[in-house]
Amino acid sequence: MAVRADLSPARLKISFLQTYLCSETERSARRGHSVGTPREDTPRGHPAAAVRCGGTRRLLSAGAVIGAAAPRYRRARAVGGRQLRGDRRGTPPAVPPPRAPALRSPTNTFTVHRAGEKSRVPAPSGRFSRGIKGEGVISLLRPLLLDVVPTIQQTAALALGRLAYFNDDLAEAVVKEDILPQLVCSLSEQNRFYKKAAAFVLRAVGKHSPQLAQAIVECGALEALVICLEDFDPGVKEGAAWALGYIARHNSELSQAVVDAGAVPLLVLCIQEPEIALKRIAASTLSDISKHSPELAQTVVDAGAIAYLAQMILNPDAKLKCQVLSALSQIAKHSVDLAELVVEAEIFPVVLTCMKDSDEYVKKNGATLIREIAKHSPELSQFIVNAGGVAAVIDCIGSCKGTVRLPGIMMLGYVAAHSENLSMAVIVSKGIPPLCTCLLEEHEDHIKAAAAWALGQIGRHTPEHARAVAETNVLGTLLSMYMDIRSSEDLQLKAKRALKNILQKCTYLPALEPLLHDAPPNIMKHIVGQFSKVLPHDSKARRLFVTSGGLKKVQEIKAEPGSLLQEYINTINNCYPEEVVRYYSPGYSEMLLERVENYQPVL
Amino acid sequence: MAALVRLETRLSRLREEYFLKNRSVDEDRKIVYKAAVKIQSWFRGCRVRAYLRYLNKMAISIQKWWRGYQSRRYFRKMIKTAYFIMKMNFYNEMAVRIQKRWRGYYVRKYTHNYYALKKYLEAISLNNEIVRNELQEYAEMNEKKKKKKDLEKKEKEKKYKARKMHYLLSTEQIAGIYNSPFRKFPDPMELLLRQSKPLSHRQQQPKSPFTYDLYDWPTCKRPPAFPTGEPLPPIGRQKPQGPFRDAAEVLRQRYKPLEPTLRVAASISSPLEKAREEMKREEWRKCIHDNEFLPFSSYHKNEKYELSIHASEKIGKETYGIKHFREVQPNKWIAGKIYLLHHCSSSFSLLIYILFEIHLFRGTVEVEFLYFLKMNCPTR
């Protein structure tokens, strides 16, 4: 055994543990005795009984603690576990190593949960678990699931669950070793603690990949889980709902399988239960089910979930609100009818209070819900605007930082995209300054891209809108983003489109002039085009154009003759007298000097 | 005769002349015939030509007139249509003008109403302000609640700490750590200590294993524990000497609840008797009078009304026993009978009359009225 190499430090650690735990031996032995096992009818303190239950306890510890124990103890434990198993079954171990007697001493009994508490290290990583897999822990734990003592079964299931939770190889091993059918069978028969542990195992296995979830579905776990959903104990319901949620999360076929097993009405019943944790899990499961396709969302709606979810928005618990808002937004995102159904449940203006919640994710999910509703049709957007949703979202954007802002930004973009009145409503609600700050402050490119897109949607309708956008001097930022090599392609594309859309309607010349100097040709065309539209009619603007150096810049532009740009330049040049144009054309001073040189003075 | 001569002279030549004439005529006949034919044909032709010309002229005339008529008709029609088109154009123009005005008005008023849009936008800003204010209030309220909760929690913790550390309270002799003699006034902790009740270290109620927070369950942080029964006795206690019974057994026996036998538990009288007695008691308690309720008024026809004592006697002391004590039966008297009869008859007649009358007026007579009268008759 490879363990021999680190035997001595392991032995030291074990002896330390023994002395530490010895102080609790007697008490825990008695407690272990008083825990109801069927064979326990001897009076207290009987050493044989203590050994027996101590033996079982050690086995359990071998299993349960391994997943949770600190890495230094695990190998010793695993080996010790195997030894002890031989001990328990009555066959003597093949080669008892010298430290085995120490472990097998009757005083060294400790209850599982004590050991679990003391030596627990949260979230052991895959590295440790992989090491454990080599020892065949799963095959060790499997027979424990069939043990007579219920506590052992439960703790074994718990151990399996913990192992599978953090490592997908172990989860696959759980599936391969055919543990799942066993679990599923006993899921319907056993007491509620076992059911909870078994649901935990199913959840842990189903969490990693669609294939594992498919394996769970194929061994018939869904029906058993749905039966668990009807149990009286809320903890069992929660475990079952959580497992169903993790299974349904992966893709729409698995979701459909969950729905076909009849889970949705029971989940809707679970939502109405008084326990907050159960409500939370049921809401998240409904959210996972309905996110894949409109038919699944319709199934959830037909079970009457919307009314209960809408009521729960008022609940003060932040995590519950998160889940509920996420569920509603997954339902509403698919089609106009579903969005209208969600709106008819009278979530406005209650949802707006979520935008002021102290928890960031509640704000984010609230903004997501409003976005999903607003994007479908102008009527829904109008409704949201009338309810004051735009103001709430703008405040929310102003008060948050980072990815939390993203749904709010997109919501403003969607609302403004529908019609010019709505866009004007966004402008009037002071929507542009937060978007500009987003554009400037954020580090993530996708948020900047979203802000650029939203600004483009706001400004593209009429010259009024474009002016409102241009007055905030954001066009220069957009241009710089477009020109920046480090911005992602998406950002560049969106910035360019936004810029084009705004420029095609912008008649606010003071904002256009700074852009003349460093715009690339494809943008320059639009800028010059706008100038050529405005200048012929406005003399003050012409003067300003000259004094600000715009005319000079325009002369410097090289355009192919016959192109649109050249036409625009010609139009501009025709607005001015010829001398002025010649004055500002490049190389005029050289030309003058040349004339001076060639001049023959008349005597 | 001369004529005859001349005739005879000419006669010789007659045949020749005749022959010559005939021959010349014959010779000319063809020519003449041809000429005649020519002339005739020419003439006929002329005639026909004239006739044709005439026909032509007539036909032309007819056609002329007919064509003129047709074109005039056509012209009239053309004029009519042209006029009609002109009118329609005019109408169209006017209609366009009206529609132009109307469409402009309608669009400006209903579809793209500038003022309505402006008002709408103002209303939106107002609404936004309201919503913003309300949300601000809501957020502030939440903040306050949270702060209050935190404050309360801190207070609770402080109080608990004070209760635990009650022994740090200062006494007369020894000033506690919070009540240093160099301070002007004691520390607030000292005051808290003074107010708080010492925390006893008696065993708290063992926490039921079913009350752990459900939030822990899904990751099963605490594995299942069966409920433990009574608390364990302290370690190291001296075991009492002797083969005593188990303490639990003794206590069980001592505090066993009473389980009487059926004979002891049941009462002497049978339930039936008890129930009967109960019923009797009820009746005795509830009985107000023994008069049976008779449903129809015909049952009450011959009822005699019994006056109550107060109404039946005169006010004042009873004269019987004081003023007189014997019954008076005037119908047994011998003397004064006729007088009384007369009296009686009149009173009787009066009575009868009244009785009769009363019977007539009201169906069932108020018999008391009758008796009242009777009683109030002059004394017999």
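Which helices of chain A are included in what covers the buried residues of H13(A)? The cover includes helices H10, H11, H12, H14, H15 and H16 of chain A. This is a predicted model. Chain A has 40 helices and zero strands, while chain B has nine helices and zero strands. The points below take the chains in turn, then go down to single residues.

**Chain A overall**

- Chain A has 603 residues, and 55% of them count as buried.
- Take the contacts in chain A with a separation of 6 or more: 71% of them come from residues 24 or more positions apart.
- The exposed area of chain A is about 26,300 Å². Carbon and sulfur atoms supply 54% of that area.

**Chain B overall**

- Chain B has 380 residues, and 11% of them count as buried.
- Its elements, read from the N terminus, run α-α-α-α-α-α-α-α-α.
- Among contacts in chain B with a separation of 6 or more, 38% come from residues 24 or more positions apart.
- Chain B exposes about 36,800 Å². Carbon and sulfur atoms supply 61% of this area.

**Helix H13 of chain A and its cover**

- Helix H13 of chain A spans residues 210–218.
- The buried residues of this helix are Leu212(A), Ala213(A), Ala215(A), Ile216(A) and Val217(A).
- Part of what covers them has lower residue numbers: helix H10 covers 168–176, helix H11 covers 179–189 and helix H12 covers 192–206.
- The cover also includes helix H14 (221–229), helix H15 (234–248) and helix H16 (252–260).
- Gly220(A) comes just after H13(A). Its phi is positive, at about 80 degrees.

**A buried residue in each chain**

- Ile306(A) sits in helix H20 of chain A, which spans residues 305–312.
- Is Ile306(A) buried or exposed? Ile306(A) counts as buried because its relative accessibility is 8%, and the cut-off for buried is under 20%.
- Beyond its neighbours within four places in sequence, Ile306(A) is in contact with Val301(A), Leu328(A), Ile331(A), Leu341(A), Val342(A) and Ala345(A).
- Ile306(A) and Val268(A) are 38 residues apart along the chain. Their C-alpha atoms are separated by 9.3 Å.
- Glu190(B) lies in helix H3 of chain B, which spans residues 188–195.
- Glu190(B) has 0% relative accessibility, so this residue counts as buried.
- Setting aside neighbours within four places in sequence, Glu190(B) is in contact with Leu168(B), Leu169(B), Ser170(B), Tyr178(B) and Asn179(B).

**Surface patches**

- Asp337(A), Glu340(A), Glu344(A) and Glu379(A) form a negative surface patch.
- Which helix gives the most to the negative patch? Helix H22 of chain A (residues 336–344) does, with three residues.
- Glu340(A) is found in this helix, H22 of chain A. With a relative accessible area of 35%, Glu340(A) is partly exposed.
- Chain B has a nonpolar surface patch of about 770 Å². Its residues are Met1(B), Leu4(B), Val5(B), Leu7(B), Leu11(B), Leu14(B) and Tyr18(B).
- Leu14(B) is found in helix H1 of chain B, which spans residues 2–111.
- Leu14(B) has a relative accessible area of 45%, so this residue is partly exposed.

**Backbone details in the loops of chain A**

- Phe348(A) and Pro349(A) are joined by a cis peptide bond, with omega at about 0 degrees.
- Pro349(A) lies in the loop between H22 and helix H23 (350–354) of chain A.
- Lys430(A) has a phi near 65 degrees, a positive value in a residue other than glycine.
- The place of Lys430(A) is the loop between helix H28 (420–428) and helix H29 (432–441) of chain A.
- Lys430(A) counts as exposed because its relative accessibility is 51%, and the cut-off for exposed is over 50%.
- Asn473(A) has a phi near 60 degrees, which is positive in a residue other than glycine.
- The loop that holds Asn473(A) runs between helix H31 (463–471) and helix H32 (474–483) of chain A.
- Asn473(A) has 59% relative accessibility, so this residue counts as exposed.

How values were computed: Residues are numbered from 1 along each chain as its sequence is written. Chains are lettered from A and ligands numbered from 1 in the order in which they are written. This is a predicted model: local features need pLDDT of at least 70, side-chain atom pairs count only at pLDDT 80 or more; totals for chains, interfaces and linings use all residues. Side-chain values use heavy atoms; hydrogens and water are left out. Patches are made of residues with over 30% relative accessible area and no salt bridge: like charges are joined within 9 Å, nonpolar side chains (Val, Leu, Ile, Met, Phe, Trp, Tyr) within 5 Å. Accessible areas come from the Shrake-Rupley method with a 1.4 Å probe; for residues, only the protein chains shown count as cover. A salt bridge is a side-chain nitrogen of Lys or Arg within 4 Å of a carboxyl oxygen of Asp or Glu. Lys and Arg count as positive and Asp and Glu as negative; His and the chain ends are not counted. The place of a charge is taken as NZ of Lys, CZ of Arg, CG of Asp or CD of Glu. Helices (H or I, at least four residues) and strands (E, at least two) are DSSP runs, numbered from the N terminus. Buried means under 20% relative accessible area, exposed over 50%, partly exposed in between (1.4 Å probe, protein chains only). Contact means heavy atoms within 4.5 Å.
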